[in-house]
Amino acid sequence: MGVLRELNEIEKAQQVARRALSTINPREEKERLDVWTALLHLENEFSSSERTEETFKEACQSNDSREVHERMIKIYISSG
């Protein structure tokens, strides 16, 4: 039961991040990038590598690709 609750919370967190991305003004680049980074952390920690890769590609298309790559490297380093 605890695992299901945790998975449900992760899905909720992912949904909140997606809603934030749809509502944050595109000119607020840093804020949008921070949300993408948080979403990438979630995907890396709790989703499949395929889903993480899809989210990463989407983040690269929506932001400065080099910055997203740098943040993804940091995520991989911090997660071991």
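In which sense, left-handed or right-handed, does α2 pass α4? Keep both helices on screen while the tour works its way to that crossing, and bear in mind throughout that the model is a predicted one.

**Stop one: helix α2**

Select residues 29–46, which form helix α2. The helix has 18 residues, and the distance from its first C-alpha to its last is 26 Å, close to the 26 Å expected at 1.5 Å a residue. If you now colour by accessibility, the buried residues to look for in α2 are Arg32, Leu33, Val35, Trp36, Thr37, Leu39, Leu40, Leu42 and Glu43. Several of these names return at the stops that follow.

**Stop two: α2 against α4**

Add residues 65–79, helix α4, which packs with α2 at an angle of about 35°, the two axes lying 10 Å apart. The opening question is settled here, for α2 passes α4 in a right-handed crossing. To display the contact itself, show the side chains of Leu33, Asp34, Thr37, Leu40, His41 and Asn44 on the α2 side, and those of Glu67, Val68, Arg71, Met72, Ile75, Tyr76, Ser78 and Ser79 on the α4 side. Sorted by class, the residues of this contact comprise six nonpolar, five polar and three charged.

**Stop three: α2 against α3**

Next select residues 49–62, helix α3, whose axis is 9 Å from that of α2 and makes an angle of about 165° with it. Because of that angle, α2 is roughly antiparallel to α3. The crossing of α2 past α3 is left-handed. From α2, the residues to show are Trp36, Leu39, Leu40, Glu43 and Asn44, and they meet Arg51, Thr52, Thr55, Phe56, Glu58, Ala59 and Ser62 of α3. This contact of α2 with α3 holds five nonpolar, four polar and three charged residues.

**Stop four: α3 against α4**

Hide α2 for a moment, and leave α3 and α4 in view, packed at an angle of about 150° with their axes 8 Å apart. On the α3 side the residues are Thr52, Phe56, Ala59 and Cys60, which meet Ser65, Val68, His69, Met72 and Tyr76 in α4. The class count for this contact is six nonpolar, three polar and no charged residues.

**Stop five: threonine 52**

Which residues does threonine 52 touch, not counting residues up to four places away in sequence? Bring α2 back and centre on threonine 52, whose place is in helix α3. With a relative accessibility of 3%, threonine 52 counts as buried. Its contacts, with that exclusion applied, are Leu40, Glu43, Asn44, Ser47, Met72 and Tyr76. Among them, Leu40, Glu43 and Asn44 also belong to the α2 side of the contact with α3, while Met72 and Tyr76 also appear on the α4 side of the contact with α3.

**Stop six: helix α1**

Finally, select residues 2–23, helix α1, and start from isoleucine 10 within that helix. Isoleucine 10 is buried, its relative accessible area being 11%, and it touches Leu42 and Phe46 when residues up to four places away in sequence are not counted. A distance drawn from the C-alpha of isoleucine 10 to that of tryptophan 36, 26 residues apart along the chain, should read 15 Å.

Move on to alanine 13, also found in helix α1, which at 29% relative accessibility counts as partly exposed. Alanine 13 and leucine 39 are 26 residues apart in sequence, and their C-alpha atoms are 8.3 Å apart in space.

End at glutamine 14 in helix α1, which counts as buried at 6% relative accessibility. Leaving aside neighbours within four places in sequence, glutamine 14 is in contact with Leu39, Leu42, Glu43, Ser47 and Arg51. A last distance to draw runs from glutamine 14 to lysine 74, which are 60 residues apart in sequence and 20 Å apart in space, C-alpha to C-alpha.

How values were computed
Residues are numbered from 1 along each chain as its sequence is written. This is a predicted model: local features need pLDDT of at least 70, side-chain atom pairs count only at pLDDT 80 or more; totals for chains, interfaces and linings use all residues. Side-chain values use heavy atoms; hydrogens and water are left out. Axes are lines fitted to C-alpha atoms, for helices over the stretch in contact, and angles run from 0 to 180 degrees between N-to-C directions. Helices (H or I, at least four residues) and strands (E, at least two) are DSSP runs, numbered from the N terminus. Angles under 35 degrees count as roughly parallel, over 145 as roughly antiparallel, 65 to 115 as roughly perpendicular and the rest as oblique. A crossing is left-handed if the near helix is turned anticlockwise from the far one by less than a right angle, and right-handed if clockwise. Contact means heavy atoms within 4.5 Å. Ala, Val, Leu, Ile, Met, Phe, Trp, Tyr, Cys and Pro count as nonpolar, Asp, Glu, Lys and Arg as charged, and the others, Gly among them, as polar. The expected span of a helix is 1.5 Å times one less than its number of residues. Buried means under 20% relative accessible area, exposed over 50%, partly exposed in between (1.4 Å probe, protein chains only).
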